[in-house]
Each structure stands twice: as C-alpha cells, then as structure tokens.
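Me: Please take a close look at one part of this model, the salt bridges. I would like the pairs, their distances and their burial in one connected account.

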Amino acid sequence: MQTTISPFVMVIFGATGDLTSRKLMPALYNLLSYKTLPERFFVVGFARRPFSHEEFRSLMKEAILRHIKGKKIDMEALNKLLQNLYYQQGLFEEKEPYEKLINLLSSFDKEIGACITRFFYLAAPPLNYSTILNKLASTRLSEGCGQGSSKWTRVLIEKPFGKDSDTAKKLEEQLTHTFEERQIYRIDHYLAKENIQNILAFRFANAMFEPLWNKDCIDHVQIVLAENSGIGNRGKFYEGVGALKDVVQNHLMAMLAYIAMDEPGSMSVDSIRAERVKVLQSIKKMTKEYIISNIIRGQYGKGLINERKVEGYREEKNIAPDSLTDTYIAMKLYLDNKRWDGVPFYLRTGKRMPFSAARISIQFKKPTHKFFESIHEHKEHWHDNVLTFRIQPREGISLQMLAKKPGLGFSLQNVKMDFSYESSFGHKLFDSYERLLIDSIRGDQTLFATNSGFNATWKVVTDIEKVWAQLPLPKFPNYQAGSWGPKEAEELISRDGRHWLLH
Ligand code: BG6
C-alpha cells in the first residue's frame, strides 16, 4: 500500500517499556514493510535509562527480531526503521531532557525544511501521565514546531485512562487544558481490530440481519476475552489494576458498543463515535444487590496450562503474596433502551484460561412454532442459533443452525455457515496497533475512544468497586490456572437457564 504521508516525528514516552517493544516497534516495522510510511520520519524514544541512539536502535532491533521470529525478515524495512530511531534520556519530571528534546525536534524540522507534525505517545506507566502533560505544556512542546504552531501536534494516550471516574476526569481536564479534542487520540486498541470494525459492515451493509437485531429475536449476547497467558513481566503494571480496569472498562465495552449500537447517520467520525457512546451511556445503573450477585471476580491460582504446571498469580514477579487483584471477571449487564430491553449481555474475561480467544456471540431465540416438536431424535444435542464473531484468532463469523440430515426421513443436525478472513481475503490483516498508528498519522480519530465513552464505562466500574470496597475481602485465589474461572461464574449464567458458549 503506497501512501503520501509526509514526514513526521513521534516521541514515545516510556520507550523502554513492554508496549514499545511488543507492539509499537513491530507495528512500525510492518508499516514500513507494507510501504505505508514515508522514506524519512523520526521516532524518538524517551525514557529514564541512559542509552545512545545506537544502543536504543540495537535494543529495538532485538525486540523486532524477537517479534518476527521464524518469519522472513524484510531487511529493507528493518534498516529503514532503525535509521529513523533516536533516543532522549531523561526523567519525566526534569525540565532539561524536554529542552534537549526541543533541540532534537528542531533539528528534524531543519532537515526537512518545514514544520513536521509532532506526535507525543504516552506509553509510560500511567502515574506519569500528569507529569509528562505538565512538562509538554510548560516547555511549550505541546505547541509544536518553533513552540508556536499547535496545529501540528497530536497526543496519543494509552489506557488505563485514570483509575476511576474522578481520576479519569482530572486527566481529561489536564489533557483538554493543553490540547484540543482534534489533537487527542485516546487508545483502546480493540476498536481497531478488523473484525470489530467489520461488525458495522455486517450489520448495516447487509439488510437481512438488522431486522433481527433486537429484543424480539435475540435471547442474549456473550462477549468474551479469554487469555491463556498469565501476567508475565507485567506484574508492576497489573498489580492493583486488575481485569475490571485493564480490559472490561475498555476492550469489552468497545465490543459491546459495536454489537449494540444503532446505525450511525453517516460514516463520519462524529456519527460513529456518537452511536458507540450512546450504548455505553445506556448501561443500566447497578444497585448494590445487583452487583453482589451479577459481577463475579476471580484470581488464578496454580494450575496446568497445556499440561505444563504454572504458578498462581500471587507467585508471579512483582505481585504481593496476599494480592487481591482480580484476574477474572464475569458479569451480566442490561442496556436501558428500547432495542435491548430485557436482553442480558454476559461479559467474561480472564487470564490463564484454557486457551486464548476473543469472541462476541449472539444467541437467537428459539422458534416459537411447533413444526419440529415431533422430531425427538438427538434433540438434546440440538444447538440454538448462534452467530459468532471471532475477533481473534481465526478472525471470521459463523452461524450455527439446524439442517435436515440428508437421506430418507426427516432428522435434524447442527451445521455451521462460516466466513473466515483468511479464506476470503487471504492476505494478512492489519494489526490493531498498525492501524492506530497510521490513523493517527492520517488524522482519523474514528477508531479512537472518546472522553464521554470512557466517562460512561468508568461510572460502571467505579460503582462496582465502591460496592466491593464495602464487602468482606474476596477469598483469592478462587480458580485454577487452565480452568474457565470460579464456579460462581458458572452459576451466574446457569441460574438464567443458559450456558457459556466458549468453554
Ligand atoms: C491490553 C491489556 O490492553 O490488552 C492486556 O493491558 C491484555 O492485559 C491485552 O492482554 C489484550 O489485547 P490483545 O490484542 O492481545 O487481545
């Protein structure tokens, strides 16, 4: 894919962290490999540790090679990326490194002979966001080239965006004090997953599904983000954050927004974002009693993953031996609107699940007519009609239904209609970080989160946490690594006469 993107500079705060090496560098490498980036651009890593430009380049080279291990290396793309990497050492709270950064960025403008767009990517631990934003404002780096043309700066900010409603509000105030909305790119990378974007096409470009998309035809919806991995090297980040804030507040809610939204008036950024936000704002307020019985939390203990013994969460690096951080959530919620009145949405996420998968499943109601009532053969194995969006892996959509078994007589059997990206489109999908980077560079905010959306989901999370704070401490660990979570999560759905579809 050839584009006409102009030279730009991206400063990554927290450049020696996990996100930069695992996501951002591989994304930049791939974008170069697809020929989507210009010949000349500048990526400046900003972090505490003392590195020269060269040392930073070899560190990033290692990270990229680790990432593409086993695949053919595009040496041209790799070398081009490394040539365009720079490093600025400094503590986030010191003024001097920002002043040095001004000189470095000015030298790039000079080389290009123009004011180039500046991106400030906040990939540092979130407790540093406020300090970095303060410094960007006080050194007037936020104003861009020559510290006087704010048109040419954008800020990208990673989740978690605050810790609760209040801290999110404060962060937002600080952001909007320094940047205009059109300059702010709040990242929730699930919004950029290909098959989540595809929900819009599926629902609104095909006339046949939308008439069914409501309480009259849909029994319930399940949204799941299961991860096989544990906490790995991210203990410092994860401890005290937990699954509710790490992925429910954002990624699961992003999936909920797309699956439940009304048709946007147009393809414009504002229309799409507005419809997403309406869904999140319509989440039914939860009472204390509701929260106690419908929001289940868990933490993994020791167990077996692929027949390999693994540690419990409390035994992982940088985790307190008596940690109360949740690594699992199962919950039921309702939307307060006409379309979804009375339809339960079951959300579920966990670390150290038997395998990794992100899916949205729509279970349709059973047929009301009695035509097939008289067929009893294998009836107990008949499945309901379920439409499943496989967000990952094996991105695609399948529809489970009953068909007449070929032959004499009339018996029924479960079958699946299946669409897969791989068989229909063949080529590799854009990774969400590739898409987000390129969209921010092109100035398209559609796939970025909004303040009002985050406000709505923080409200839900904060209400839940306030109730939890009044309850006796949870008895963790309460599920084994390699299982599907605590038994209360089974009860949550089975008492409604339903079952988890992914198991
Ligand atoms: C991140 C969370 O935002 O999303 C991680 O911090 C989680 O804990 C990850 O593992 C899941 O994203 P993906 O794209 O790997 O499904």
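Reply:
**Salt bridges**

The count comes to 30 salt bridges, where a salt bridge is a side-chain nitrogen of Lys or Arg within 4 Å of a carboxyl oxygen of Asp or Glu. The model is predicted, so local features need pLDDT of at least 70 and side-chain atom pairs count only at pLDDT 80 or more, whereas totals for chains, interfaces and linings use all residues. Residues are numbered from 1 along each chain as its sequence is written, and side-chain values use heavy atoms, with hydrogens and water left out.

Side chains of opposite charge can pair when their charged atoms come close. One such pair is arginine 203 with glutamate 210, at 3.0 Å from N to O. Both arginine 203 and glutamate 210 are buried; buried means under 20% relative accessible area, exposed over 50%, and partly exposed in between (1.4 Å probe, protein chains only). The pair belongs to a network of salt bridges that links Arg203, Glu210, Asp262 and Arg339.

A further salt bridge joins glutamate 275 and lysine 278, whose closest N and O atoms are 3.0 Å apart. These two residues lie 3 residues apart in helix α10 (residues 269-281), and so about one helical turn separates them. Helices here are DSSP runs (H or I, at least four residues), numbered from the N terminus. Glutamate 275 is buried at 11% relative accessibility, while lysine 278 is partly exposed at 48%.

Lysine 302 and glutamate 311 also meet through their side chains in a salt bridge, with an N to O distance of 3.8 Å. Glutamate 311 has a relative accessibility of 42% and therefore counts as partly exposed.
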